[in-house]
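Let's take a friendly look at how cysteines and charged side chains can hold parts of a protein chain together. Keep the picture open while you read.

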Amino acid sequence: MDSFFCSCLLRWRYSCFADIDLETWCISTKGVEECLTSKTKAIIPVELYGSMPDWGAIHDVARANNLFVVEDAAEALGSQCKGKGAGSLGATGCFSFHGSKSLTTNEGGMIVIDDDDLFKRILFLLDHGRIAGNVFPVNVEFAFKYKMSAMQAAMGLALIERGQELVDGKREIFNWYAEELGDIDGLKLNAEPVGVVNSYWMTTVIVDPKYGMDKFILMEKMKQEGVDTRPFFSPLSSIPAYADTEEARVASKRNINAYAVSGAGINLPSGLQLTRDDISKVCDALKRILKG
Ligand SMILES: Cc1ncc(COP(=O)(O)O)c(C=O)c1O
């Protein structure tokens, strides 16, 4: 999907890259509807940088078309939609504990699920397709090995106890940026629509085309100012791995929002160690660049 990332083991040749919503940067229902075929089985909304899609509308489309919803909450630990936490909005919620995430075990992740049968099936699949408790381990099906070490799990549990503190830290960083950049004409920061709590994994700024800068030019200028930034994720249909597929060709013409947003966006420094003063320096650098 051009909702940028896909943490699920989809066979990509059967997948479709859906467009995003300009406001939330998450998959849009229009994007989903453009992709629907009689073969469509699931939607994978990605909660980009902590944002939430319009979950009410996504569930309506899913129900109407009998689709399974896999929630990619990898970047959204601590975000909420109408009081429901990220990870609890799809039939399964997937989190990443990769080193870049607010809550990290260096590598690894978590699936949140409220269905006993599916839970058992996942336990089976992540352990080489072996039946739990079988003393003579036989691989009953071709499967995977997605196991976390006990040490990593201990680290993760300790960090979960600090979960709210981590989210509060990210929200404070975002608010500092918003204070300094929120009123600048032609800049757009991560959205937090009514009913949503955004955990702002990475504060991200989209620069209006009137500044005549794409994300790589802006990143280079920020670097010259001594500020390290990252590019907005690229639409999946634009990356070399998919370049030769018909789906990517179609999506690269159709998914106007994904291409517009990703071409003009950078992630600003968002580490939890940053101070108010650090954020001011980043904002001053950005303002100097935009003034030309
Ligand atoms: C939205 C999203 N989905 C999936 C992943 C993949 O997670 P992992 O690297 O833990 O497999 C990431 C990780 O960076 C992500 O940001």
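This report walks through the cysteines, then the salt bridges, then a charged patch on the surface.

## The disulfide

Please keep in mind that this is a predicted model. A disulfide is a covalent bond between the sulfur atoms of two cysteines. Searching the whole structure turns up one disulfide. Its partners are Cys16 and Cys35, with a distance of 2.3 Å from S to S. Where do these partners lie along the chain? Cys16 belongs to the segment before α1 (29-35), while Cys35 is in helix α1 itself, so the bond ties together parts that are 19 residues apart in sequence.

You can also ask which hand this disulfide has. The torsion about the S-S bond of Cys16 and Cys35 is about -65 degrees, so the disulfide is left-handed. As for their surroundings, Cys16 and Cys35 are both buried.

## Cysteines to compare

Now find Cys26. Why does Cys26 not bond to the cysteine with the closest sulfur? That sulfur is in Cys81, and it lies 10 Å from the sulfur of Cys26, which is too far for a bond. Cys26 has a relative accessibility of 0%, so it counts as buried. Another cysteine to look up is Cys94, which has a relative accessible area of 12%. Cys94 is buried because that value falls under the 20% cut-off.

## Salt bridges across the chain

How many salt bridges does a search of the whole structure find? The search gives 17 salt bridges. One of them brings together the side chains of Lys188 and Glu23, at 3.7 Å from N to O. This pair links distant parts of the chain, with Lys188 in strand β7 (residues 187-189) and Glu23 in the segment before α1, 165 residues apart. Lys188 is partly exposed, at 25% relative accessibility, and Glu23 is partly exposed too, with a relative accessible area of 44%.

Next, turn to Arg276 and Glu180, whose side chains meet in a salt bridge of 2.9 Å, N to O. Here the link runs between two helices: Arg276 is in helix α9 (residues 276-291) and Glu180 is in helix α5 (residues 163-181), 96 residues apart. Are these two residues buried or partly exposed? Arg276 is partly exposed, with a relative accessible area of 28%, whereas Glu180 is buried, at 16% relative accessibility. Both also take part in a network of salt bridges that links Glu179, Glu180, Arg276 and Lys287.

## A salt bridge within one helix

Some partners sit on a single helix. Glu246 and Arg249 form a salt bridge in which the closest N and O atoms are 3.3 Å apart. Both residues are in helix α7 (residues 246-254), where they are three residues apart, about one turn of the helix. Arg249 counts as partly exposed, at 41% relative accessibility.

## A negative patch on the surface

Finally, look for a run of aspartates. Which residues gather in a patch of negative charge on the surface? They are Asp114, Asp115, Asp116 and Asp117. Asp114 can be found in the loop between β6 (109-113) and α3 (116-126). Asp114 has a relative accessible area of 79%. Exposed means over 50%, so Asp114 counts as exposed.

Conventions: Residues are numbered from 1 along each chain as its sequence is written. This is a predicted model: local features need pLDDT of at least 70, side-chain atom pairs count only at pLDDT 80 or more; totals for chains, interfaces and linings use all residues. Side-chain values use heavy atoms; hydrogens and water are left out. A disulfide is a pair of cysteine sulfur atoms within 2.5 Å. Helices (H or I, at least four residues) and strands (E, at least two) are DSSP runs, numbered from the N terminus. Buried means under 20% relative accessible area, exposed over 50%, partly exposed in between (1.4 Å probe, protein chains only). Patches are made of residues with over 30% relative accessible area and no salt bridge: like charges are joined within 9 Å, nonpolar side chains (Val, Leu, Ile, Met, Phe, Trp, Tyr) within 5 Å. Accessible areas come from the Shrake-Rupley method with a 1.4 Å probe; for residues, only the protein chains shown count as cover. A salt bridge is a side-chain nitrogen of Lys or Arg within 4 Å of a carboxyl oxygen of Asp or Glu. Lys and Arg count as positive and Asp and Glu as negative; His and the chain ends are not counted. The place of a charge is taken as NZ of Lys, CZ of Arg, CG of Asp or CD of Glu.
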